[in-house]
Amino acid sequence: MRGLAVEIISIWQKTNVPGGAPGPFLDALIEQTLSDHPRLSHPDRALLRELATGVLRWRGRLDYAIGQISHQPVNKLHPLVLNLLRLTTYQLLFLDRIPASAAVNESVQLAKTHRLPPALIGFVNAAARKLATALPDLPLPDPEVEPVTALAVATSHPEWLAARWLERLGPEAAWRRAQANNLHPPLSIRVNTALISPATLQVVLQTEGIATESGRFSPVGLTICSLKQSPFNLPSYQRGLWLFQDEAAQLATLLLQPQPGHKILEIGAGRGGKTTHLAQLLRGKGRILAVDHSLERMAALSRSRQRLGLTGVDLLLTDATLSLPIQPEHRFDRILIDAPCSGLGVLRRHPELRWRRQPGDLDRFARLQAALLRQAAPYMRPGGLLLYITCTTEPEENESVMTAFLRSHPDFALHPGPVSDAPEITPFIDADGYFRTLPERHDLDGFFAALLAKER
């Protein structure tokens, strides 16, 4: 498992260079590896996921520890040597059931398997043994002396993000947010209410050996309590009775209040999580035009639409930051913009994102978000609703984008609420009228949403 984990980590790093084109998500690499090795036992599959995800989640803290015992700077180490030492350090720090000797010996054996030069194998051996001895007493930076470094190292976040949150949120809130990002998120699913009710699905899942609880907030959500097999092989999944989706995303979609018969434009449809939710709510009456620029994501959406048995969804492959290939006279009752963003609200679910993002990304995404709003706005009918959603916590991509859009589009205004059709949403509407969920406060993914009404 350790060899496969190192392979996954190495591929992710090679294909996700900061400033370059985005590569595959870590989850996708893990699932592909599991698919390529179908005979792996459940414990081995769980260990592989734990190692690959854990190393990237805690990479900052692991590198700090390695740097304390290495005579070479961490950024100068051979990439494979560094990943082997990260794997060793993660096991020593976070996995109590793996003996230190096993963690050390396995990394040395992997160095030999990869035919590293003898000098590098010797370095891995010496450094791994030194880590096993030093880690229990290795001090972390003092928050009173080095507040930014202390937060960055202890919670494994890049320094620019630690500094940002300390300044914007204050020390106590910054630490709470960073610590929440390292917790494992609940395994939430959305019930396909076009085919089954939440209560009935719970019974079905029970017969498949899956225990669930009702969602804490979403009326169509369930939380899986334990999973000891691949969920994609479950008959209930293959029959389209459910899909994975955090409750925050489920709640945000409800803000749009779609009604049977509505025509809906969705920009940034992605793999179709919100698209298929909207189709459920339309109950087969109405149309959705789902727009995305990625052929791979459009193909995934098409498969989800078919698996879930949902109708009334048309797909449009285009770049929505440019003029949309839609007749100018065409108007929609509802528009949903699921905007591309930094993803800083979902770091607990995609911990690797923290190492891809850079400070300049916030303004870059804000420009994309503004372009999407600008292109979509003319297609909103008077009296209709436009919902803007991100999975980030940062104001440049949220409040600032909304302020600029409303200033340049006086025919739109923030919907005054309340959202009568979805009372579950009320606790998440802040004093400014925005929908907001936070990992540290709600144990949900960090989402922001603004519901706008077109007045004329």
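In this predicted model, four strands make up an open sheet whose order is β2-β3-β1-β4, and their pairing is antiparallel. At the edges of this sheet lie β2 (212-214) and β4 (242-244), each of which pairs on one side only. The points below begin with this sheet and then turn to a pair of helices, two cysteines, two loop residues with positive phi, and one aspartate.

**The sheet and the helix on it**

- Neighbouring strands of the open sheet are turned against each other by 35 degrees on average, when direction is ignored.
- The edge strand β2 is joined to β3, which covers residues 221-224, by three bridges, and these two strands run antiparallel.
- Within this pairing, Glu213 has Thr223 in β3 as its bridge partner.
- Helix α14, made of residues 273-282, packs on the sheet and touches both β1 (187-191) and β4, while its direction makes about 35 degrees with that of β1.

**A pair of packed helices**

- Two packed helices are described by the angle between their axes and by the distance between those axes.
- For helix α5 (residues 79-94) and helix α6 (residues 100-113), the packing angle is about 170 degrees and the axes are 9 Å apart.
- Because angles over 145 degrees count as roughly antiparallel, α5 is roughly antiparallel to α6.
- On the α5 side, the residues that meet the other helix are Leu84, Leu87, Thr88, Gln91 and Leu92, and on the α6 side they are Ala100, Ala103, Val104, Ser107, Leu110 and Ala111.

**Two cysteines without a bond**

- How many disulfides does the structure hold? There are zero disulfides in it.
- A disulfide is a covalent bond between the sulfur atoms of two cysteines, and to be counted as one here, the two sulfur atoms have to lie within 2.5 Å.
- The closest cysteine sulfur to that of Cys341 belongs to Cys391, and because the two are 3.4 Å apart, they are too far from each other for a bond.
- Seen from the other side, Cys391 is likewise in no disulfide, with the sulfur of Cys341 as its nearest cysteine sulfur, 3.4 Å away.
- Cys341 counts as buried, at 10% relative accessibility, whereas Cys391 counts as partly exposed, at 22%.

**Two loop residues with positive phi**

- Gln257 is not a glycine, and yet its phi is positive, at about 55 degrees.
- The place of Gln257 is in the loop between α13 (247-254) and β5 (263-267), and with a relative accessible area of 12% this residue is buried.
- Arg283 is also a residue other than glycine with a positive phi, here near 55 degrees.
- Arg283 lies in the loop between α14 and β6 (287-292).
- Is Arg283 buried or exposed? Arg283 counts as exposed, since its relative accessibility is 63%.

**Asp430 and its surroundings**

- Asp430 sits in the loop between β10 (412-414) and β11 (435-437), where it counts as partly exposed, at 24% relative accessibility.
- Which side chain does the side chain of Asp430 make a polar contact with? The partner is the side chain of Arg436, at 2.7 Å.
- Between Asp430 and Thr113 there is a separation of 317 residues in sequence, and in space their C-alpha atoms are 55 Å apart.

Terms used
Residues numbered from 1 in each chain as written. Predicted model: local features only at pLDDT ≥ 70, side-chain atom pairs only at ≥ 80, totals over all residues. Heavy atoms only, no water. Buried < 20%, exposed > 50% of the residue type's maximum accessible area, 1.4 Å probe, protein only. Polar contact = N/O pair within 3.5 Å; in protein donor to acceptor, adjacent residues only side chain to side chain. Pairing = 2+ DSSP bridges. Axes fitted to C-alpha atoms, helices over the stretch in contact; angles between N-to-C directions. Contact = heavy atoms within 4.5 Å. Parallel < 35°, antiparallel > 145°, perpendicular 65-115°, else oblique.
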